[in-house]
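Thanks for coming. I have one structure to go through today, and I will start with a helix before getting to the overall picture.

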Amino acid sequence: MKRSVIFIAFSFCTLHATASVHGADPVTSLARFSEFPHIDLKRLQAGEILSQRGTLMNFPNGVSAQFCYIVSTAPAETARRLQTWDPTRCKPLKVALFHTMKSPCDLKDFAGLHLDPRQNTVKKLVDKTLATTATTSELNLTHSEANALATCIKKGPAPDTISSCWASLLCGRATDFQKKGFAGTPPYEFGEQSPSPASQIGSMVGEQGRIVREFAPVLRGAGLIKDGTASKALAPTYNWSLFDADHHATLNLGAVYELAVDDRYQLLDVDYYVSNTYYAAATLYEIWPIRIGEKTASLVWRGDFYAAPMLRFTKGIERIAYGAVMIQEIKKGIRCFQDGI
Amino acid sequence: MRMKADDRRILPKRLFRYSLLLIALITAGLILPVHTATADSLSISHELDVGFGYSGGATTLQKEQHIGSVNELNSNVKYVVSPQVTKDLLLRFGAEWERLSFATPPGAALPDPLQRVNAVIGFDYQLAEQWLMRAEVMPGVYGDFRNVGWDSFDAPFDLGFAYLQDADLQWFFGLRVDPRSEYPVLPAAGVRWQYADNWTLNLQLPNPRLEYTVNDDLQMYIGAGIKAATYVVGDHFGDAHGIPRLNKATVDYFEVRTGPGLSWKVTPQITLEAEGGAMVNRTWNFFDRDVDLESRPAPYFQIACRARF
């Protein structure tokens with residue numbers, strides 16, 4: 001224990017970097033809830049992104065990873081940028097479209113949605129859309145959504161028609177979420193499990209006791225924890241995007257919750273609807289102020305939780321490889337975000 | 001030299017017998033995961049591989065002399081259980097059986113069958129963020145099973161490393177150590193590169209392939225397959241074939257095939273594969289007795305079932 005204190009003190013002196021005196025010392029906080037019991041701020045300042053694959057979950061569809069890095073902007077600015085950052089500018093992330101939405105949303109929010117089947121990945125999504133009937137679908141839909149989609153695409157297989165069918169479906173999902181929060185995320189009713197995105201996120205995050213305790217304020221505010229503790233409901237920012245996941249075009253609806261806690265910020269970024277490829281995802285951020293020279297920067301911890309149907313069948317070394325690859329892909333996004341500042 | 005008439009009669013029986021065995025094994029492979037999946041045991045994974053193949057008559061030469069046409073039946077079963085003992089370490093325990101059976105022309109110094117029954121003992125370990133390794137020793141009996149003794153015991157060792165660059169590109173490096181072989185250390189390198197949405201160059205030994213993904217469940221490929229192992233023949237193998245120096249001899253068996261195939265994911269846990277094409281080259285090399293046999297190209301067909309649960 002003493003040795004670690006000396007190590008931390010040494011790192012701080014070397015860097016001339018001092019954690020804020022307000023609130024908890026970030027290094028101590030990180031050691032308490034994360035997979036980073038010791039961090040070398042010098043390495044982070046040099047641009048290194050620390051990462052750890054999450055431990056095996058009891059939840060069979062889930063995989064997780066944690067990251068720690070420094071962003072050169074102050075925490076408030078970092079939190080703001082995380083909510084509005086446009087991932088389409090980061091080519092390695094393969095995000096084709098990203099739009100923020102107002103609340104309440106309407107179809108105009110999805111005016112930019114255009115599914116071009118000339119692209120291989122989009123063609124896969126279009127093919128699955130065209131194959132959807134009221135009783136069968138390979139997409140993440142309720143029976144009533146499948147019925148509505150099947151009826152809608154009867155107007156014709158033109159890309160504009162399919163895009164507008166998806167816009168209606170996404171707008172309906174987004175409206176439900178904006179009205180009811182996570183209670184407004186109906187389950188995907190095709191397949192064996194009928195998973196609900198909210199339950200998938202709740203199960204994954206819920207297994208991480210230390211993380212839940214650390215992020216209880218923002219999780220309560222988002223409505224993911226209901227433990228009777230009074231908390232103000234947080235108003236998230238909303239977005240939708242079209243991106244390639246595992247070489248499949250995928251549509252998603254997202255929400256980002258932000259909460260200032262003392263001098264630090266907590267963010268919860270959730271994919272509360274995903275059209276295919278995976279079920280749901282959640283990313284938690286904690287952002288502390290950290291002095292680097294004369295400037296206040298942000299020390300960021302990030303935890304990613306990802307639920308996908310194929311993970312249930314991905315075991316052994318393949319699952320370890322999956323986690324390792326997931327880390328590399330997320331790091332691409334973090335580097336883009338850092339470089340964009 | 002013509003194939004013995006007996007062998008012609010025996011072949012359909014063999015095919016029938018092995019087909020029954022394969023059907024039984026595939027059925028077991030299909031049923032087992034369903035029952036195991038209900039337990040949802042994440043910390044223990046299982047691998048079951050079953051394969052069966054046939055190569056048509058191939059002109060075969062012994063010391064550059066034609067000895068006739070040789071066809072081949074091969075069967076293999078491999079089961080490995082892999083418990084995860086720490087976040088980064090998985091152990092591997094299992095068993096494997098492979099049998100190569102040849103319709104042997106009279107007088108040819110062809111061991112029939114070549115067979116191995118071995119254990120699989122090893123581990124998988126995440127060495128670093130992007131590096132995985134596998135070490136596996138396969139101790140067992142490698143021979144023609146006429147006289148099984150210590151001479152038939154072998155324990156080849158595989159060591160492999162994977163560098164996971166990202167979701168689309170992974171590099172592989174490895175080596176096989178088999179002290180009995182003419183080449184006791186064989187290094188290898190490979191790559192898996194998904195260079196387009198539907199195309200993957202999967203150059204991993206022993207089955208390098210160019211894969212085309214038709215849909216989520218179906219894949220087409222063109223590639224190669226390599227079978228290689230070292231065996232020891234029986235005490236009287238040489239006497240029986242008129243070459244006494246081949247008694248208890250060590251033979252390196254090597255076979256290369258190439259052709260197109262289909263891979264169908266029947267369920268997320270079970271994949272069936274069927275491929276056909278040309279067995280390009282096959283050698284039996286009694287390297288320390290200066291006797292070798294080689295087959296010319298011949299058609300082949302192979303089916304396999306892989307289960308991961």
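**Helices, fold and contact**

Let me begin with helix H4 of chain A, residues 75-84, where A:Pro75, A:Thr78, A:Ala79 and A:Leu82 are buried. Those four lie on the same side of H4(A), because the arc they cover around the axis is only 100 degrees. In general, residues three or four places apart in an α-helix point the same way, since there are 3.6 residues a turn. What do the buried residues of H4(A) pack against? They pack against strands of chain A: S3 (62-71), S6 (248-261), S7 (264-274), S8 (280-292) and S9 (295-307). I should say here that this is a predicted model.

The second helix is H6 of chain A, residues 143-153. Its buried residues are A:Glu145, A:Ala146, A:Leu149, A:Ala150 and A:Ile153. Looking down the axis of H6(A), these fall within an arc of 130 degrees, so they line one face of the helix. Which residues are exposed on the other side of H6(A)? Those are A:Ser144 and A:Thr151. The cover over the buried residues of H6(A) includes two helices of chain A, H5 and H7, the latter running over residues 159-180.

Now the chain as a whole. Chain A has eleven helices and nine strands. Its C-alpha trace spans about 70 × 40 × 40 Å along the principal axes. The radius of gyration of chain A is 21 Å, and a compact globule of 341 residues would come out near 20 Å, so the two agree. Of those 341 residues, 45% count as buried. On contacts within chain A, take the ones with a separation of 6 or more: 63% of them are between residues 24 or more positions apart.

Last, the contact between the chains. It takes 19 residues from chain A and 21 residues from chain B. On the side of chain A that touches chain B, helix H5 (120-130) and helix H11 (316-339) each supply at least two residues. Which element gives the most to that side? H11(A) does, with nine residues. By class, that side of chain A has ten nonpolar, seven polar and two charged residues. H5 of chain A therefore comes up twice: it is part of what covers the buried residues of H6(A), and it supplies residues to the side that touches chain B.

That is the end of my part.

Key. Residues are numbered from 1 along each chain as its sequence is written. Chains are lettered from A and ligands numbered from 1 in the order in which they are written. This is a predicted model: local features need pLDDT of at least 70, side-chain atom pairs count only at pLDDT 80 or more; totals for chains, interfaces and linings use all residues. The radius of gyration is taken over C-alpha atoms; the globule rule is 2.2 Å times the number of residues to the power 0.38. A residue is buried if 20 or more other C-beta atoms lie within 10 Å of its own, exposed if 12 or fewer, and partly exposed in between; C-beta atoms are placed from the backbone. Two residues are in contact if their C-beta atoms, placed from the backbone, lie within 7 Å. The arc is that of the directions from the helix axis to the C-beta atoms. Ala, Val, Leu, Ile, Met, Phe, Trp, Tyr, Cys and Pro count as nonpolar, Asp, Glu, Lys and Arg as charged, and the others, Gly among them, as polar.
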